[in-house]
Amino acid sequence: MKKHSIQVTAKSIESSGLPKDFKAAIAEYIWNGFDAKATEIKIDYSANDLGYLSNFTITDNGEGINLENIDQTFGYFLDSQKSTSFVNEEFVKGKKGKGRFAFGLFANTARWKTAYLTQRQEVCQYEISIKKGDQNNFEVKNEQIVENKALGTTVKFENIFDLTGDILEHESFEKYLCSEFGWFLFLNKDKSYTIKINGVALDYEQIIEDHYVSTIEIGDYSFVVSYIRWNTKIGDKYYFYMLNDSKKEVYRKHTGFNRKAIGFHHSVYVESGFFNDFCVTETDQPVLGLSGKNQADDHYKDLMKQLQELLSKKEKEFIRLHKAENLIIGYRKNKVIPEFKSNVYDQRRKEDLENVIKELYCVQPKIFQDLKKEQSKTIVGFLNLILDTDERENLLSIIENVIQLSDEEREELAKTLKKTKLSNITKTIKLLEDRARVVAVLKMLVFDLEKFTNERDHIQKAIENNYWLFGEQFHLISADENFEILLNNYLYFLENDQKSEKISDEERMRRPDIFLCRKHNVPDTESNEYNLEENVIVELKRPEVIIGKKQFNQIEDYARFIINEPRFNSKLRRWKFFIIGKKMDSFIEDKYESQKMKGKKFLVESVRNYEIYAMTWDDVFKNFELKHSYLIDKLDLKDAIKAELAEKGILFDRSLSNKLSQDIIDNTNKN
């Protein structure tokens, strides 16, 4: 047995910055194994029912500890020989030589049993021991030449305290090891590097949410780039790590993507022979007399530009897939998104607004970060307002007055607004196509399937789901409900009043087919503003019914009932009543003539703020064709829209439904 001394005291060792946590202490021994070129680290322990550790070892299959220079390696403190060895060296973590003393945090003694290859190519095995409180001395014993012995080192911890089996079995210990060694195992997975805990390999990939490996060619150099996105925080800052051919870190640089509120936990590792003679300097300027390369090298500058572009792309993918959608969900929950009506048009507007918010968030998340609810509502309301105007593309200059954007962010935002506009055109095409199909079905019900069509089961159901035929701006209050239910739905919509109102009139049980309403502001004669409510009641008749005096009287009774009901009859409410049928008789034709001077198509009666209209189904369909043809003409890229609709067999003219109707007939026959 031989006793060796370190030229420091035990007290100075314990005050030298050793790990303060058992997880970090154990990590030191694992790094020592990898520093010794190990590919496998085994952590083995056993404990009784009370958690007491009866055995705890860490074993590696590295090169072992060379006894021939033990005083220059194990005997040095804060000056490990590993820090000066560059020949064929893998990534070196333990550069200060203090990791071997970390056991004092949880054990009284550490014993190493190591086997190394001597200069004579013989395997020498021996033991080293250090005791807590006497760390400035270590003992070497049992030196012997052995045959058929694998190289490597096992460190055994004895007289353990403050550490139990339960602690080592806890998931926090495994997650710590994943966080500490995950990147290293990932970069060396082609060499099958592993850490095993009681025989089970550490599943480091559990903290890797995404990874991407690519090669960048610059001049005569190849750079292997490994991007990793972690699902947990692995440090306060994120870096580009520059590694030489031996995976030794020669330089690290902040990525600049350290937006903590986003949770974009990432690392980028770049391996290349370019960094074999890379010399880090204090400035990014060329240095006279420097034999190697530094940050001023054009290859390095080009590399950094491409790395920034790669990381920017990855960050936006992450935000778009994981953060932007959560932002919208939170905005909906907290009612930051404005209320939109349930009709298809308003739902498209809502979708457009949410898409723009998500795209803006991807370009510049800090626009939406750390805002109070009212601030969020203000900026979202502003976006909603400007998206509905011709000033949409001026949003870029407005945003720049709120927050400073880089050239790249400005360019990206401009592309976003343009792309969103084009995607809105695509959605418009889908909207028009869907509506054309609805009209085609209604035409079939009215004209082709007349004998089988009735109001309640067919026409009523089709219209109540597509009431946009009578106005985009309305809200559906009731469908085929009596006047008492209609009144309560009406009051709830206008005033959020959930009280159950009663109507004593015997006519209260009559059931209008469709009741629509909207509330908006209009100026009075003194240019002030007041609320005005517009209401529409639609009565639908099956194709066999010819609209005449009887049907007119039914609608007139509805109007009279509303005039007499105090909760309906304010002069600030406008009422329009529509009766729809396949054909009008002479009574209705005469009523058209009596109202001709009013200049309103289809008007048959007008009293104060009440108007009654009679329309044929052909009038409804023709009005749809004219209105949507006008809409297409007002849109940008109208020729492209018309061409795409034409390919689908949709033309907004008299031949609108031919192809669609035939498709429906064909599908019906198949069934």
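Here are legends for a handful of close-up views of this structure.

This is a predicted model, where local features need pLDDT of at least 70, side-chain atom pairs count only at pLDDT 80 or more, and totals for chains, interfaces and linings use all residues. Residues are numbered from 1 along each chain as its sequence is written, and side-chain values use heavy atoms, with hydrogens and water left out.

**View 1. A mixed sheet of 5 strands.** Reading across this open sheet, you meet the strands in the order β10-β11-β14-β12-β13, with mixed pairing. At the edges stand β10 (208–218) and β13 (249–254), each with a single partner strand, so one side of each has no neighbour in the sheet. On average, neighbouring strands are turned by 20 degrees against each other, direction ignored. Helices (H or I, at least four residues) and strands (E, at least two) are DSSP runs, numbered from the N terminus. Two strands pair if DSSP finds at least two bridges between them. Angles run from 0 to 180 degrees between N-to-C directions, and axes are lines fitted to C-alpha atoms, for helices over the stretch in contact.

**View 2. Strands β12 and β13 side by side.** Strand β12 (residues 239–243) runs antiparallel to β13, and 5 bridges join the two. One bridge to look for pairs Leu243 with Glu249 of β13. Glu249 turns up again in a salt bridge, where its side chain meets that of Arg252 at 2.8 Å, N to O. A salt bridge is a side-chain nitrogen of Lys or Arg within 4 Å of a carboxyl oxygen of Asp or Glu. Arg252 is partly exposed, with a relative accessible area of 38%. Buried means under 20% relative accessible area, exposed over 50%, and partly exposed in between (1.4 Å probe, protein chains only).

**View 3. Two helices and the sheet.** Helix α5 (residues 171–187) lies across β10, β11 (221–230), β12 and β14 (265–271), and runs at about 140 degrees to β11. Helix α6 (residues 298–333) packs on the sheet too, touching β10, β11, β12, β13 and β14. The direction of α6 makes about 150 degrees with that of β10. Contact here means heavy atoms within 4.5 Å.

**View 4. Salt bridges linking distant parts of the chain.** The whole structure holds 14 salt bridges. In one of them, Glu158 pairs with Arg111, the closest N and O atoms being 2.9 Å apart. Glu158 sits in strand β7 and Arg111 in strand β4 (residues 107–117), 47 residues apart. Arg111 is partly exposed at 29% relative accessibility. Another salt bridge joins Lys600 to Glu611, with the closest N and O atoms 2.5 Å apart. Lys600 is in the loop between α14 (586–594) and β21 (603–607), while Glu611 is in strand β22 (residues 610–616), 11 residues away. Lys600 is partly exposed at 39%, whereas Glu611 is buried at 12%.

**View 5. Positive phi at Asn142 and Asp162.** Neither Asn142 nor Asp162 is a glycine. Asn142 belongs to strand β6 (residues 137–146), and its phi is near 60 degrees. Asn142 is partly exposed, with a relative accessible area of 44%. Asp162 has a phi of about 55 degrees and lies in the loop between β7 (152–160) and α4 (165–169). With 67% relative accessible area, Asp162 counts as exposed.

**View 6. Cysteines without a disulfide.** A search of the whole structure finds 0 disulfides, a disulfide being a pair of cysteine sulfur atoms within 2.5 Å. Cys279 is partly exposed at 30% relative accessibility, while Cys517 is buried at 0%.
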